[in-house]
Amino acid sequence: MEITEFVETLRLDGGLLADAAQEAGPDARIPACPDWQMRDLVTHVGRTHRWATEFVTQGGQQPSRPSEAPDLADDELVPWLREGHHHLVLALHSAPQDLAAWTFLPAPSPLAFWARRQAHETSVHRADAQQAAGASLTPLPSAFAADGIDELLTGFHARDRSRVRTDTPRTLRLRATNARGADWTVRLSDAPPQTVRTAPDTDGPDAAKPADCTIEGPAEELYLALWNRLPWDALTVTGDESLPRLWQERAGI
């Protein structure tokens with residue numbers, strides 16, 4: 001996907017998140033994060049957007065933690081969220097293509113990293129806010145959802161901190177049925193997962209090998225299920241059903 005596509009998705013989902021937060025109210029519970037109320041979600045996203053904006057506008061080269069949120073009254077939270085989101089979108093729109101800044105996942109460039117990461121961060125939490133408000137989830141483009149699956153598998157769960165591990169080596173195959181080339185083989189062991197992009201119509205070695213478990217479904221449902229935001233009911237699971245349970249129990253980021 002192009003950087004501009006990520007920024008546009010970020011723009012749209014940030015507005016939808018704020019709308020859902022306003023509708024639900026600050027006390028609404030977040031289904032995927034039982035310890036959180038809406039005020040916690042809004043505070044988290046607002047801090048994250050401002051943190052990302054600092055890297056995009058200032059080109060920081062060292063890791064840092066998001067700044068603490070100001071002490072705001074409940075009726076100030078959503079306007080504060082909208083303000084930070086607006087500044088992030090503007091920063092990404094105006095940033096130079098050769099931006100130099102710290103990143104924490106592989107990406108073609110720092111600008112591509114921050115646009116992609118903040119788009120997916122916001123989309124997942126937009127789903128949280130809409131679920132808390134009892135609203136229907138706004139559909140995501142299949143290409144964007146497939147990209148989010150790729151980021152999760154080849155980025156977050158390639159790191160040492162991933163807890164998705166097995167005592168005996170196992171393989172998990174994930175396929176988004178409505179996105180071109182959206183097929184991954186995840187090798188599980190007592191080490192961090194290793195993910196390779198595969199495709200069912202190729203003759204590559206990973207495409208030919210049977211997996212211990214295959215999970216298939218539309219890209220958006222697979223994306224949100226892997227982020228533990230939707231149940232796995234809409235997905236087709238073939239093979240070892242303990243691997244989806246392992247993911248649900250240990251894949252939290």
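**Exercise 1.** At roughly what angle do the axes of helix α1 (residues 3-24) and helix α2 (residues 38-58) cross? Work from the predicted model, and describe the packing of α1 and α2.

*Solution.*

Step 1. The axes of α1 and α2 come within 10 Å, and their crossing angle is roughly 155°.

Step 2. Angles over 145 degrees count as roughly antiparallel, so α1 is roughly antiparallel to α2.

Step 3. The crossing in which α1 passes α2 is left-handed.

Step 4. On the α1 side, the contact is made by Leu 10, Leu 17, Ala 20, Ala 21 and Ala 24. On the α2 side, Met 38, Val 42, Val 45 and His 49 take part.

Step 5. Sorted by class, this contact of α1 with α2 has 8 nonpolar residues, 1 polar residue and no charged residues.

**Exercise 2.** Describe the largest pocket: its volume, its central residues, the elements that supply its lining and the classes of the lining residues.

*Solution.*

Step 1. The volume of the largest pocket is about 960 Å³.

Step 2. The largest pocket is lined by 31 residues. Closest to its centre are His 44, Arg 117, Glu 121, Phe 156 and Ile 253.

Step 3. Which elements each supply at least two residues of the lining? They are β2 (33-37), α2 and α4 (110-132).

Step 4. Which element gives the most to the lining of the largest pocket? α4 does, with 6 residues.

Step 5. By class, the lining of the largest pocket has 14 nonpolar, 10 polar and 7 charged residues.

**Exercise 3.** Name the helix that takes part in the contact with α1 and also supplies residues to the lining of the largest pocket.

*Solution.*

Step 1. α2 contributes Met 38, Val 42, Val 45 and His 49 to the contact with α1.

Step 2. α2 also supplies at least two residues of the pocket lining.

How values were computed. Residues are numbered from 1 along each chain as its sequence is written. This is a predicted model: local features need pLDDT of at least 70, side-chain atom pairs count only at pLDDT 80 or more; totals for chains, interfaces and linings use all residues. Side-chain values use heavy atoms; hydrogens and water are left out. Axes are lines fitted to C-alpha atoms, for helices over the stretch in contact, and angles run from 0 to 180 degrees between N-to-C directions. Helices (H or I, at least four residues) and strands (E, at least two) are DSSP runs, numbered from the N terminus. Angles under 35 degrees count as roughly parallel, over 145 as roughly antiparallel, 65 to 115 as roughly perpendicular and the rest as oblique. A crossing is left-handed if the near helix is turned anticlockwise from the far one by less than a right angle, and right-handed if clockwise. Contact means heavy atoms within 4.5 Å. Ala, Val, Leu, Ile, Met, Phe, Trp, Tyr, Cys and Pro count as nonpolar, Asp, Glu, Lys and Arg as charged, and the others, Gly among them, as polar. On a 1 Å grid over the protein atoms alone, a cavity is a set of points where a 1.4 Å probe fits but cannot get out, and a pocket is an open set with protein on both sides within 12 Å along at least five of seven lines; lining residues have an atom within 4 Å of a point. Grid points are joined across faces, edges and corners, and a volume is the space filled by probe spheres set on the points.
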